Every structure is written in C-alpha cells, then in structure tokens.
Amino acid sequence: MSHDVVNSVSNNLFTINNLWMMIATALVFIMHLGFATLEVGLTQSKNTVNILFKNSVIPAIGIITYSIIGFDLMYPGSDFAGKIFGFSGFGIGTNAMGLTAKYNQGYTYWTDFLFQGMFAATAATIVSGAVAERIKLSTFLVFSAIFVAIAYPITGMWKWGGGFLDTMGFYDFAGSTLVHSVGGWAALMGVIFLGPRLGKYKKNRINAIPGHSMPLAVIGVFLLWLGWFGFNGGSVLSADPAEVSLVLVTTSLAASAGAIGAMLTSWVILKTPDITMLLNGILAGLVGITAGADLMNPVEAIMIGFISGIIVVGSVLFFDKIKLDDPVGALSVHLVVGIFGTLAVGIFGEKAGINQLWIQFKGVLAVGVFISIFSSALWFILKKSMGLRVTEEEELDGLDIGEHGMEAYPDFEKAV
Amino acid sequence: MSHDVVNSVSNNLFTINNLWMMIATALVFIMHLGFATLEVGLTQSKNTVNILFKNSVIPAIGIITYSIIGFDLMYPGSDFAGKIFGFSGFGIGTNAMGLTAKYNQGYTYWTDFLFQGMFAATAATIVSGAVAERIKLSTFLVFSAIFVAIAYPITGMWKWGGGFLDTMGFYDFAGSTLVHSVGGWAALMGVIFLGPRLGKYKKNRINAIPGHSMPLAVIGVFLLWLGWFGFNGGSVLSADPAEVSLVLVTTSLAASAGAIGAMLTSWVILKTPDITMLLNGILAGLVGITAGADLMNPVEAIMIGFISGIIVVGSVLFFDKIKLDDPVGALSVHLVVGIFGTLAVGIFGEKAGINQLWIQFKGVLAVGVFISIFSSALWFILKKSMGLRVTEEEELDGLDIGEHGMEAYPDFEKAV
Amino acid sequence: MSHDVVNSVSNNLFTINNLWMMIATALVFIMHLGFATLEVGLTQSKNTVNILFKNSVIPAIGIITYSIIGFDLMYPGSDFAGKIFGFSGFGIGTNAMGLTAKYNQGYTYWTDFLFQGMFAATAATIVSGAVAERIKLSTFLVFSAIFVAIAYPITGMWKWGGGFLDTMGFYDFAGSTLVHSVGGWAALMGVIFLGPRLGKYKKNRINAIPGHSMPLAVIGVFLLWLGWFGFNGGSVLSADPAEVSLVLVTTSLAASAGAIGAMLTSWVILKTPDITMLLNGILAGLVGITAGADLMNPVEAIMIGFISGIIVVGSVLFFDKIKLDDPVGALSVHLVVGIFGTLAVGIFGEKAGINQLWIQFKGVLAVGVFISIFSSALWFILKKSMGLRVTEEEELDGLDIGEHGMEAYPDFEKAV
C-alpha cells in the first residue's frame, strides 16, 4: 500500500502543477484581447475593424500553425535536435506517457503544447501594433503565419529547446528576448519596410496622431498585466509555492515601478502626466522583469521596473525623432526594454556579473541578427509579391472601409 | 497513521478537484459579460442600455431561480427521479456529506450548485441576442426566469441528471445540445413570434443593420473563448490532468479552426474579410466542439471547428434569406452549430459510428421538440398577457429611451 | 519513508492552498480594472483620461507603498505589535521559513504580501469614484499614497493584524468595514471638503449628470463581481473546499439578490428600470455579504443581498438630497452598505445575537472615527498646501484637457 500512497502523492502534485499551468495558459490567452484593445485604443477609429480583425485571427493562426509545425520545431526532444535547428516531425500527437508525470513533473503534453502555443502567438501580435494603420491585411496574415510557424520556434529552441544559447548559459526566464524582442525585431523591420503613416512626419515635424479610445487602451494594459501572472508565473513550469509567488511579486513590483518611472519621466520631460506614457511604463516594467523574474528580490525588481519606465519614455521620443513610425510604442516596449530586461539579468539579481552580462549580450545579438534577417527577407518577398502597403486613398479613408467595407462605430458622428 | 495518510492524500485530491471546479465556475461566470458586450457590439447604440440591463440581470435571476428550483429539477438524485421528470424539493441545502469527497470525488455540493447555476443562466442569455432590439423588457425577464427555472433543468436532467437520454447512450459532453441548442430553440421560437426589426426586410431586400461597436463585439468573443476554458474544461468535473488538458486543446483548436473556416468562407462568398463572420466562426468552433470535446484528437477537433466555421456563415445568410431576423447570429451559432456539434460525436472521434449518430439525432430531436413546444407556449401566453414587442415608435427611437428613459452614450453626437 | 510521505502530503496541501491564494490575488487585481471602467462609464467623457490615469496609477502606488511600509504596519507579527499600532520595520523581506508551510498553512510570505497589497490598493480606488470630475490629480495621488500606506494598514491591523477589534470579537470576514467603509469614510470626507461638481445642485434642483458609457460601467461591475470570487473566496486564506465554495455561493447569491432588490426598488420608486441602480445593486449585494460571507446560509445570503439592494437605492437618493455629490454612488455602495453588511453579522447567520451586534457597531464606530479624522486632517492639509480642486474653467472644459492636455475620444463629435 505504501507504494500506492507514494504514487498517489506524486500524482496529486502532478495534478496541482498541471492545474496551474492550464490556468497560466488561460491567462496568457487573455493577453491577446489585451493586445487587441490596447492597439485599437492607441490608433484611429477608421482602422479599428482592421486591427481587431488581425488580432482576432492571429491567435487562431498561431495555435493552428504551432500545432502543425511550431511546437515540433521549438521542442524537438531527442528526435532531431541540433543546437541551431531541430525538428521532430509534423503535427502534435501524444502517447500515454505524455499525459502522466513521467513526461514531465509539471504538466501533460497537451498542457505543454497549449501553454507554448499561446506564447507563440503573442510574438506576431507584437508586430501587429507597430505596423498598424497602413499594412495590407492579407500580407500581414501571411507574414504572421510564417513568422509564428518558423522564426519564433527556431530562436525559441536555441534556449528553451536545448539549443546553443542554453548551452552557453544564456538566461531568459520567460522571454524578454525570446518573445518580446523577437516580436520587436520583426516589428522594427516591418516599420522600416513600410515607412511612416501618411502625414506623420509631414513638413519635417512630428505630428501626433492620437489614439481614439483611452478606455480601450487601459483595458488592454490591465488585461496584459493580468495575463503576465500566467506569462511569468507559468514560466516556472510548476506550481512551486516559493518560486511562483516570488515571480508574481517581482512581476507586480516591476509593473508598478514601471508605471511610476514613466509617469515621473514624462511629467518632467513633457510637462504633463501623459496616460499613454503611463501605460507604456506599466508594460515596460513587465517586459523588463520578464527575463529575470525568478532571480530578483523586491528591491531589484523595483529598480528594473523603474529604469524600464524611464527607458520606454526616452525610446518612444527617440523613435519619433528618427522617424520610425510605431503607432503603439511596440518597438520601445518590446524591443528596447526587452533588450534591457535581458541584459538586466547580468546586472541585477542572483546571476549578476560581467560574464553573465556578456553572455546575455551575445544572446540578444544572436536572436536580433537572425530575426532581423529572417523578417527582412520575408517582408522583402512579400513586398515584391503581394505588396506591403494599402493605397494612399485607402489609408486616408481608413482600412476599415478599404479592406473590410464597414465601420467600427457606424452610429457616431466623426469629428473632423 | 497509514490510514490517516491515505485519507489526507484523498482529501488533497478532493481539494484540487474542487479548486479547479470553482475556477471553472468563475470562468463560466465571465461568459455573461462576454454575451453582454458581444450583443451590444452587434446591435444599435440606441438599444444598448436595454441589452446591458437584460444581460446584467439574467445571471442574477438565473442563479436565484436555480437555487430555488432549477438545481432540484436537474439533479433530483434519488429523491424523486423519473426518467423524464425529477424533483428533490425546493431550495438548496446541504449536510456535512455534501462538503466532502463522499458526496462526489470532484467537488462540494456548493461548488456543484454554483457551476451548474452559471451554466443554466447562459441558456437565457443565448435567447437574449436573437430577440434583441424589439422585445419588451418585462416580458423578456419573465420568459427568462421561467425558462431557466423550468425548461432548461428538465432537458438537462434527461442527460446529466440520469434521465432517458442518458440511459439510451446520448452523448453531450458540455452541452452543444443541452445548453446551446436549448437556448437556440427558444430563440428560434422567439424570433418567429416577434417578427423582424422594423425595416430589416423592407422592400423585399435584406437591409443590413450594422452593430455599433466592433471593439465591444471582440471583447465579447474573447471573453466567451476564455469562459469556454471553464465551460468545457470544467465539464470534466475534476482536475484530471490528461482529460482537462485534452479538452482545452481540442476546444482551442476548434475555436481557431472555426475562425479560419469562417474567414475563408466569408472572404470567398462575400468578397470581403467580414469581422462579424470571423467572430461567429470562433464561437461556432467552440459550440461545435462542446458535445465531444473529450472524444476528439487534434485533427478531429480542427475538422469539427473548420466545418462549424463554414456552417455558421451559410446559416447566417440562410436565416436572413428566410427572413428570420437574428441581430447577433445566435440561431446560427448556438442552434445550427449546436446541432452539428452534437451529431459530430457520431461522425468523428472515439464514439463515431452509425448507431451513435442515430442516438445523437434522437437526442437532438427530443430536446428540440420539447423546448420548441415549451417556449412556443410560453411566448404565446406572454404575447397574449404582457405583450411581446415594444411599440413601433419606441423601436424607432430606441429601447433605451422607451424602456429606460436614458441613453448609453449621451456625450456623443449620433450619425444620421 | 512514512515520515517523508506525511511531509509530502502536507507540502501538497500547502501548494494547493498557495495556488488558490495566488489566483485569488489575480482576481482581486482585476478589480482595479473594474473600478476604472465603472468610474469612467458613470462620469462624463471630458474627464475620462483623468479618471483612467488615477485608476491606472493607484494600484502601482498602492503595491509599492504597501511593500515599503503598509504590510509591515498591518501585520506586525511579534516585532512591535501593540493593539492599536504595530510595526515591524521598513520593506518586505523574507527568509526560508516564509516560503514554506511553517510560515502559514495556506501560502507563502510572497503570496501573503501580494494578496494583501492588492486589497490595500482597492481602498484608495473607492475614494477615487466619489471625488471624480473635480479633484486635482497631484493632490489625489498624494492623498492615495498616504492613505494606502498609513491609514488603511492601521485599521486593518486592528482586526486582521491581531489588534483590539480582534480581541473584542469584532467580525469582518473580508472587509465590509476594513476595506469598503474605510474607503467610504475617506470618500465622504473628500466629498465634503471638495463640494459638488459645478451645476450639480444649481437652482436648488438635483441636476443629473449622466455617465458617458453604459457598456464601460457594465464591464466594470462584471469584473468587480469576478474579482469578488477572489476577494471573498481568497479571504478563507486556504483552498478548503467546504469553506471556499460556501463563500462563493453566498457571494453570488447576495450579488444576485442585490441586483433584484435594487431593480425592483428603483422600478417602483423611479418608475423606470434604471441600469445604474441595477449595477449598484449588484455591488451592494457584494459589499453587504463581505463581512459575513462565511457565516451565512443561502437564504440569509439572499436576504442580506436583497436588503443591500434596497438600501443602496435609498442611499443614492438620500446623498443627492443632502447635496453630497458622489458621481458613481461610492458612498452608498461602500460606506452605507459596508456598515450594513458589518452589522448584518450580528443580525443573520452563525454569529447573530445582540452582543455580537453591539460589538459590530463598536467596530464600525471605531474605524469610522479614526478614518474620518485621519482623512479629514489629510484633506485639510492638502487643501491648504496643494489645493484640492481644479479651477472652474478646467472643470467646465474637462480635466482631460486641463490636467493632461488630451482627449479620451478625439475622433468623435461631442454632443452639445
């Protein structure tokens, strides 16, 4: 009997761990709604249907392609696992072992797939914000499908699938680099290939194009913060009380400090408490802590968040200065702060040290080079084949009419 | 001591299972917000207060009536359990046993009641969408109260309470028939009794009456998808890692495939990527997989979802052609795809086979006949007594002014 | 081995309990979004950015200050624990014990901090609604920071930290008094110090200033109800199946009964089904049950909720009559019903009795006196130093332009 009891105890732990991972999956899922409402809130009402369409179909495309190829590329197991490229055959499947603690102490094969699939789709959503209000829908969908299916899993494998970044000691707890900067580099290339929105830098001035709904933007940021409970908390890969609760504390403290850092910075620089900066500050805190959320104590988490909040304000102003038009600040939040957060692992917390910092830098560089080349090539091919940008007329009228033949808010009078 | 240990281990499992069921309850609860925002998003701004009012009070009425009578009708236990009608007395109560694993390996009596009560209220919410923009508030509230209190629990008992559908081998995992088509049949009768909105089919044409806020519609669909993690995942009735995680995977794959199926179908047929079709495709995938979410492998789940997405587009166009005016597509999503999903248990997955298909068909029929008769009788009585429809003037001015004396968005200028 | 097994069983229970507490924390977190959307929905569009700004930065300020001083004031442990004031040093820290079941059977030190920190921040958010549309941003932020850092933890300690209210047998399960009326008293003083919005009581009439978005208000109420699953359910401080599931049932029944009580009352008194009353009825039911959610049976929960729903309607009308201008009804929901809910512990349920009622009354009084004096003093000092109220011109133009230099909805034409 004693043996059975031990088994039951271990089964119970497996059930608990798996339960947390499923809940974390649901939390990461709701981030897609957060990205959707944030992006529409910070853009013009004439492009709302288009943005909502993209953000509603991306999780669907992401989950499907991840089930066909992405998961197999990212976690090749022992089937065909190179250090740079791995592959374990098409399609997800399972066997009895994948559903028990023998597969993994923390969760079943199904939970593994779904948690990782939800993550994967966020990478494409990050791109969406930066290229909004001017990209062709069909082109974007093709880009997203290929990017989530191929590019994201390859760099993901480098670390989380046991590839060369893992071997060399690179650390990225929940993806400041592997998720956020991956999305960020692709977004940067997209912004360069597309060019700015019409009128944005007309007459050599930076012309603000204000977002059309601050409540939607705020809903987005709160849902993203909520989702981060699962994004970072789930990255512990078990329900371990000490580890998960520490991660939730560092994550929340960093988000809070990011808010305060960005609020103070923008209040000083811009002379006004800018709500979009506050919101980007929260997100910056979250992205900044993501690489080392399990390595920091509260004071370090607050410092990382606070610095991230300062950086994001400067970065938003900088990108506008060099005329890279990013409607929602995705480059600043996900790329710039994603890089900072990854480097912060070498500066703060348990792994701090010049060697680690150098490794972190090399990891950032490797991922940046690969994703930049991959996404540039893809943007280039799509530009030559399908075309990247809607017509000038369509952009002026709005993509909702041009691409979808409808309006997001037909009942209300537009301000001129 | 050994005996105590075994007990503790089993208590722990009970605690885990109960925890998951409580979380699933919370997830199903949030579906009510999803239904509310979806329905207002897809209808006109002049009826927004009215729809929000309905959708806010329905969960309240549903939970209260379910505590008084519904739960006792649906799960009669051994008290008075016929195969067609059962009853175990008024009001919920409990005893010490109901709070331990002796009642049920998966959850306490309280959790059982609340999870099922949240389900029950969704059935009335489904009706709400189809009859929106013209039904009298008081009439709808009386209909909902009686429907949730009496009709839903009776057909629910036929399967989940151990009634004749259960005996004959009918399978409906989480309610493609018992929840969705139950709401759908009542909605169909309501649409027939009410007639279309003024102007909808004027001059023998189908005149589109566009919804007033696409962001609200998208928020609704994402919250419903999120809620389905609990709706289907909780229907495992335990936190069993293999079963729950499989169900979450099939549910998410079907939703994704539904999105893609509906997107492609509407793009081809309507020549434009229609966001309302995309959203209904996601919901169709979810409804379609609900009856057999625990029986399908990933490929089967994708197929069911994809077909559901195609069906829902055709169905929406069909109902408009036969002049049944359903502002949000509830008949297509919940009734038509609910039926398809139920039949799909006989076509795909572990139970596939002509015998099962025949049983599924009989179950669909039995529920359809009963609910159609019950709801027709109820709509008829209410028409003769309270009246079903608001006055023509009220409908033109909007139900917000007519029924509630206020506007949903008083600060904004209306487009003419 | 047997010893190890016992250990493992107890570790598993700890992991389960901690998991529930972390999820409850996430649920309480999302209440901040609920407060934000409720408050903007019930106020004018010209003040939306300002309100969103406040509600986005309050959780950040609350969590940070709670980590620096609040948690140490509220739970002094044995370090310096008077019955009226306690303190255990600045800043949160931990040791190995704080991360195991030795610290607490239910959760780790980190979870403890974060759950309580999320609670703390809600107290300031309650104030926000009552003083909306006329308070200076900077003043409000300073008030909130000091209030959450000092005042809330002191009265919280009186009961939950083992202070004199606890010693004398005062009962407040999840904070009808310690959270809701604490916020409510501070709000009352704020409303008195600030005075009504311009035009609200002009010409000796009560002039309705309608909220600008009913969908946002409804989103807020549903998110608050969802969050209450964690607010009350988490206050069990473990995942105990019987206790938590009872609490979720009483909470949901009270919310439902509150909706119905407020709907019927307002329909009778105001001759119209008022949605803002319905929404406040739901919140009233939730606040009313909070003090005794673990002591009531279903019938008692329904009675408390129903009475709360009646009270809130009367209270909203009363405050308008005495010209205390509270844009969102926060005084009625959180202060008046918070007091009723606390007293209800002496009237209904397991602890009912005249002695308990007297103790409850004394607790309400003690907290009311302290918070009223503290917040009056703070409002007074801030009025003399920073100023409380924006200029008349700014109030008329809206705080969005005045304080933030931007609009919440620049794309839409304003109604005049």
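**Symmetry, fold and burial in a predicted three-chain model**

Q: What rotation and what shift along its axis superpose chain A on chain B?
A: In this predicted model, chain A is superposed on chain B by a rotation of 120 degrees, with a shift of 0.0 Å along the axis and an RMSD of 0.0 Å. Within chain A, A:Glu413 has the C-alpha nearest that axis, at 3.2 Å. The copies use different surfaces, given that 14% of the contact residues of chain A recur in chain B.

Q: What makes chain C and chain A copies related by a rotation axis, and of which fold?
A: Chain C is superposed on chain A by a rotation of 120 degrees with 0.0 Å of shift along its axis, at an RMSD of 0.0 Å. The two copies are therefore related as by a three-fold rotation axis. In chain C, the residue that comes closest to the rotation axis is C:Glu413, with its C-alpha at 3.2 Å.

Q: Which elements of chain C give two or more residues to the side that touches chain A?
A: In total, 51 residues of chain C are in contact with 48 residues of chain A. On the side of chain C that touches chain A, helix H1 (2-41), helix H2 (48-74), helix H3 (109-130) and helix H14 (399-404) of chain C each give two or more residues, and H1(C) provides the largest share, with 20 residues. Sorted by class, this side of chain C has 34 nonpolar, 14 polar and three charged residues.

Q: How do you know which kind of secondary structure chain A has?
A: The count for chain A is 14 helices and zero strands, and its pattern along the sequence is accordingly written with α at every place: α-α-α-α-α-α-α-α-α-α-α-α-α-α.

Q: Why does the radius of gyration of chain A agree or disagree with that of a compact globule?
A: For 416 residues a compact globule would have a radius of gyration near 22 Å, and chain A has 21 Å, so the two agree. Along the principal axes, the C-alpha atoms of chain A fill a box of roughly 80 × 45 × 40 Å. Of the contacts in chain A with a separation of 6 or more, 79% are between residues 24 or more positions apart.

Q: What makes H9(B) mostly covered?
A: A residue is called buried if 20 or more other C-beta atoms lie within 10 Å of its own, and in H9(B) 16 of 16 residues are buried. This helix, residues 275-290 of chain B, reaches 23 Å from its first C-alpha to its last, close to the 22 Å expected at 1.5 Å a residue. In chain A, buried residues make up 68% of the 416.

Q: Why does A:Lys384 count as buried or exposed?
A: The cut-off for an exposed residue is 12 or fewer other C-beta atoms within 10 Å, and A:Lys384 has 9 C-beta neighbours inside 10 Å, so A:Lys384 counts as exposed. A:Lys384 has its place in helix H12 (residues 354-385) of chain A. Its C-alpha is 46 Å from that of A:Leu253, and the two residues are 131 residues apart in sequence.

Q: Which residues touch the most other members of the largest nonpolar core?
A: They are A:Ala187, B:Ala187 and C:Ala187, in a core of 486 residues. Leaving out residues up to four places away in sequence, A:Ala187 touches A:Ile126, A:Val127, A:Ala130, A:Val131, A:Ala330, A:Leu331 and A:Leu335.

Technical notes. Residues numbered from 1 in each chain as written. Chains lettered and ligands numbered in written order. Predicted model: local features only at pLDDT ≥ 70, side-chain atom pairs only at ≥ 80, totals over all residues. Helix = DSSP H or I, 4+ residues; strand = E, 2+ residues; numbered from the N terminus. Rg over C-alpha atoms; globule rule 2.2 N^0.38 Å. Contact = placed C-beta atoms within 7 Å. Expected span 1.5 Å × (residues − 1). Nonpolar A, V, L, I, M, F, W, Y, C, P; charged D, E, K, R; others polar. Least-squares fit on C-alpha atoms with pLDDT ≥ 70 in both. Core = buried A, V, L, I, M, F, W, Y, C linked by C-beta atoms within 7 Å.
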